[in-house]
Amino acid sequence: MLASTRYVLVYDDPAYDLEKGQEPTGIQTKMENLRRRFMVAIRKETLSVMEERVGKHIFVKVSCPLEREYKEAENMRVELPLYGVRLIEY
């Protein structure tokens with residue numbers, strides 16, 4: 001189970017509209033291969049992935065540990081202004 005979903009990718013299920021015995025088009029096959037490669041790369045990065053089919057759509061929920069997000073933000077030197085925050089001095 002995912003702790004919290006960070007990204008949701010949505011695409012149409014290529015097999016949904018195909019009739020029995022019908023072969024997918026070249027573009028559909030190419031897109032499916034690219035999706036498969038992308039999913040392998042995501043899993044190699046130790047991200048959590050969950051797929052859910054709803055009607056003709058497939059939702060891919062991607063999340064990662066908060067510690068990893070902190071580390072990536074530090075590597076990118078992300079600075080967020082603390083607008084409106086009052087510091088209490090002790």
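**Close-up views of a predicted model**

**View 1. Surroundings of D13 in the loop between β1 (7-12) and α1 (26-44)**. In this predicted model, D13 is found in the loop that lies between β1 (7-12) and α1 (26-44). D13 counts as buried because its relative accessibility is 16%, which falls under the 20% limit. The side chain of D13 is joined to that of R53 by a polar contact of 2.9 Å, and R53 also appears among the residues that D13 touches beyond four places in sequence, together with K56, H57 and I58.

**View 2. Contacts of Y11**. When neighbours within four places in sequence are left aside, Y11 is in contact with R35, E51, K56, H57, I58 and V60. Of these partners, K56, H57 and I58 are also touched by D13.

**View 3. The largest nonpolar core**. This core has 7 residues, namely Y11, M39, I42, V49, I58, V60 and V62. Two or more of its residues are given by each of the elements α1 and β3 (57-63), and the largest share, 3 residues, comes from β3. Two of the core members, I58 and V60, are also listed among the contacts of Y11.

**View 4. Helix α1 and the residue T46**. The end C-alpha atoms of α1 are 27 Å apart, in agreement with the expected span, because 19 residues at 1.5 Å a residue should span 27 Å. The helix is followed by T46, for which phi is positive, near 60°.

Methods. Residues numbered from 1 in each chain as written. Predicted model: local features only at pLDDT ≥ 70, side-chain atom pairs only at ≥ 80, totals over all residues. Heavy atoms only, no water. Helix = DSSP H or I, 4+ residues; strand = E, 2+ residues; numbered from the N terminus. Buried < 20%, exposed > 50% of the residue type's maximum accessible area, 1.4 Å probe, protein only. Polar contact = N/O pair within 3.5 Å; in protein donor to acceptor, adjacent residues only side chain to side chain. Contact = heavy atoms within 4.5 Å. Expected span 1.5 Å × (residues − 1). Core = buried A, V, L, I, M, F, W, Y, C linked by side-chain atoms within 4.5 Å.
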